[in-house]
Structure formats: structure tokens, C-alpha cells
Amino acid sequence: MWKCPPSTVLVPVDFGEASARALAVASALASRVGARIRVLHAEVIEAPPYFTHEQLATIERERKAARAKAVQFVLEFARAHGVGQCEVAIAEGSPTAAIVQAAGQADLVVMGTHGRHGPGRWWMGSVAERVVHDTGTPVLVVRADLGGLAPEQVFDRPLVIAPQGAQGEANRMAAALAQAFGGQVVDTVVACEADLAQSRHATLMVVSKAGTGQASRLNHTEHWLRSCALPMLFVPSDPVSSSSTTVVQGGVS
């Protein structure tokens, strides 16, 4: 079971602007709550099936050398974007699978998204959607520009969005994060997206992952990732939740 406030924060990176912003946000949070940061980079490396044993052995030697260089590169990238002490993990294979597996050992995942459509969404677009859907760990998704917010401002005024009767976990996490930064949960009700657009005081959307099924939850995730400019924290819902009627409320102040 994940902890709140988190003691371990996982930050997947692809070395783009969105990853840099995710590192900055994770660093601001970790320094405030005393969490440790683990930075993960994953990529697919496959040898052609027609390679000989000698060629495969050469590739394996090159792989080991490249891994050592990658660790150093990730460390330098993290330090350049505000992270002091951190652990580094390099994974070979699908980024989605690597992140979901690593998320099982973390209390929070902080990752970036470009919010793009088409091929440009591969690493931090469609991957973010799948990670949110597939992991049981809370996932904070941020865009490259953070909507004009400084990293330490993200947690000042969280706004909770949850199905009726499933606000517990989302409220608990929103309140803990806001308290850590001297902020408060936005105590308001939003009936539609037009109302949400007018909620200018909110700095973070805390979205419950409740839904009636896998397709419902995935569509729910995609909808918010593509339509909202605010950072979004997706929180696993209460086990007792069964309603699919969505309301938006603060609940805790």
C-alpha cells in the first residue's frame, strides 16, 4: 500500500522538457516531505534476429558500456533540474512496462506529458495514459510548462474530482500534499468543464481512478490528460466505490 505523503517518488524520464519539469516538481515535493527520488529511463533495444553469436556478444559488451554512460547521463540530467540525491534505474524494454513495474515499489510516480496526438505522443503521451491506467500507485502527470506555476506551487490548491462515494483516498492525498506546502484543498463544487475552467484558484487536479470497468477508466484518463492544462494527480479509488456519477469537490480544507 502506498504512503501519503510519499516516502519514495519515481520519476520516469525521456530527457525532454516535460521530463525536466517532472523532476523539478518531484524535487520540490521530496525536499518538503523527506522522500527519496528514483529516476528511471527505459528504452527498447533489440538485436536483429539474423545476428550471429559473435555479433550478439559484441552488442552485449556495447550494451554494458552504454548502460554505465546512461546512468551518468541520467544523474547529470536530474541534477540539472533540481534533484540532488537520487537513485538511477536503466531499463531495457517497453517504457510503459518498465514504469508500471517500478511503480510497484514507489508511493508516487511523477511523470511528464507533452499532451500531443499522433507519433509525438509515444514516450510521454500515450505512455502516461497507460501508466495511469495500469498501475495501482498514484501518478502525478505534468506538462512541460506547468501552466505558469513554479514547481513548489503545484501543491498549494488541489481540487478533488471523484465519483460519488469515492472521495476518500483522493481527499486524503490532496489534503496531505496541500498541508506539506502550507496550502489547502479547494472547497468548491464543479458541475461541468466550463465551471472547471473558471476555477482559477486551483493549482492541481486530484482525480480518482474510479470507474465501472477498464474501458471506462482508460477513457476517463485520456479525457483529462488531453483536456486539462493543470497538473493532474490520478489516485486509486476506494475499494468500496461503485458509482460512476462524477462530482467535483474539495471535501477537506
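A polar contact is a pair of N or O atoms within 3.5 Å. In this predicted model, one such pair is a good place to start: the backbone oxygen of Thr-135 and a polar atom of the Lys-209 side chain lie 2.5 Å apart. Lys-209 belongs to the loop that runs between strand E7 (204-208) and helix H7 (214-227). Which side chain of opposite charge is nearest to this lysine? That side chain is Asp-134, 7.8 Å away, and Lys-209 is buried yet has no salt bridge. Because a salt bridge needs a side-chain nitrogen of Lys or Arg within 4 Å of a carboxyl oxygen of Asp or Glu, the 7.8 Å to Asp-134 does not qualify.

With that detail in place, the overall picture can be drawn. The protein chain is built from 7 helices and 9 strands. Of its 253 residues, 48% count as buried. Among contacts with a separation of 6 or more, 82% come from residues 24 or more positions apart.

The interior comes next. In soluble globular proteins, nonpolar side chains tend to be buried together. Here, the largest nonpolar core has 42 residues, and Val-11, Val-110, Leu-140, Phe-155 and Leu-233 are those with the most contacts inside it. Helix H1 (residues 17-33) supplies the largest share of this core, 7 residues. A second core, separate from this one, holds 26 residues, including Ala-128, Met-205, Val-207 and Phe-234. Returning to Val-11, what does this residue touch beyond its neighbours within four places in sequence? Its contacts are Ala-22, Leu-23, Ala-26, Ile-37, Arg-38, Val-39, Leu-40 and Val-110.

Charged pairs form another part of the picture. Side chains of opposite charge can pair when their charged atoms come close. The structure holds 3 salt bridges. One of them joins Glu-87 to Arg-36, with 2.4 Å between the closest N and O atoms. This pair links distant parts of the chain, since Glu-87 sits in strand E3 (residues 87-92) and Arg-36 in strand E2 (residues 36-43), 51 residues apart. Both partners can be placed by their accessibility: Glu-87 is partly exposed, with a relative accessible area of 36%, and Arg-36 is partly exposed at 42%.

Another salt bridge brings together the side chains of Asp-134 and Arg-130, at 3.4 Å from N to O. These two residues lie in helix H4 (residues 122-134), 4 residues apart, or about one turn of the helix. Asp-134 is partly exposed, with a relative accessible area of 37%, and Arg-130 counts as partly exposed at 32%. Both residues also meet Thr-96, a residue of helix H3 (residues 95-103). Leaving aside neighbours within four places in sequence, Thr-96 is in contact with Val-127, Arg-130, Val-131 and Asp-134. Is Thr-96 buried or exposed? Its relative accessible area is 14%, and because buried means under 20%, Thr-96 is buried.

The salt bridge between Glu-169 and Arg-172 has its closest N and O atoms 2.9 Å apart. Glu-169 and Arg-172 are 3 residues apart in helix H5, so about one helical turn separates them. Glu-169 is buried, with a relative accessible area of 17%, whereas Arg-172 is partly exposed at 33%.

Helix H5 (residues 168-180) also lends itself to a check of its length. At 1.5 Å a residue, its 13 residues should span 18 Å, and the end C-alpha atoms are 18 Å apart, which agrees. Buried residues in H5 are Glu-169, Ala-170, Asn-171, Met-173, Ala-174, Ala-176, Leu-177 and Ala-178. Just after this helix, Gly-182 takes a positive phi of about 70 degrees.

Some backbone features complete the description. Most residues other than glycine have a negative phi, and most peptide bonds are trans. Phe-15, although not a glycine, has a positive phi of about 75 degrees. Phe-15 is found in the loop between E1 and H1 and is partly exposed, with a relative accessible area of 27%. The peptide bond joining Cys-4 and Pro-5 is cis, with an omega of about 0 degrees. Pro-5 lies in the segment before strand E1 (8-12).

Technical notes:
Residues are numbered from 1 along each chain as its sequence is written. This is a predicted model: local features need pLDDT of at least 70, side-chain atom pairs count only at pLDDT 80 or more; totals for chains, interfaces and linings use all residues. Side-chain values use heavy atoms; hydrogens and water are left out. A nonpolar core is a set of buried Ala, Val, Leu, Ile, Met, Phe, Trp, Tyr and Cys residues joined through side-chain atoms within 4.5 Å. Buried means under 20% relative accessible area, exposed over 50%, partly exposed in between (1.4 Å probe, protein chains only). Contact means heavy atoms within 4.5 Å. Lys and Arg count as positive and Asp and Glu as negative; His and the chain ends are not counted. A polar contact is a pair of N or O atoms within 3.5 Å; within protein, one must be able to donate a hydrogen and the other to accept it, and residues adjacent in sequence count only if both atoms are side-chain atoms. The expected span of a helix is 1.5 Å times one less than its number of residues.
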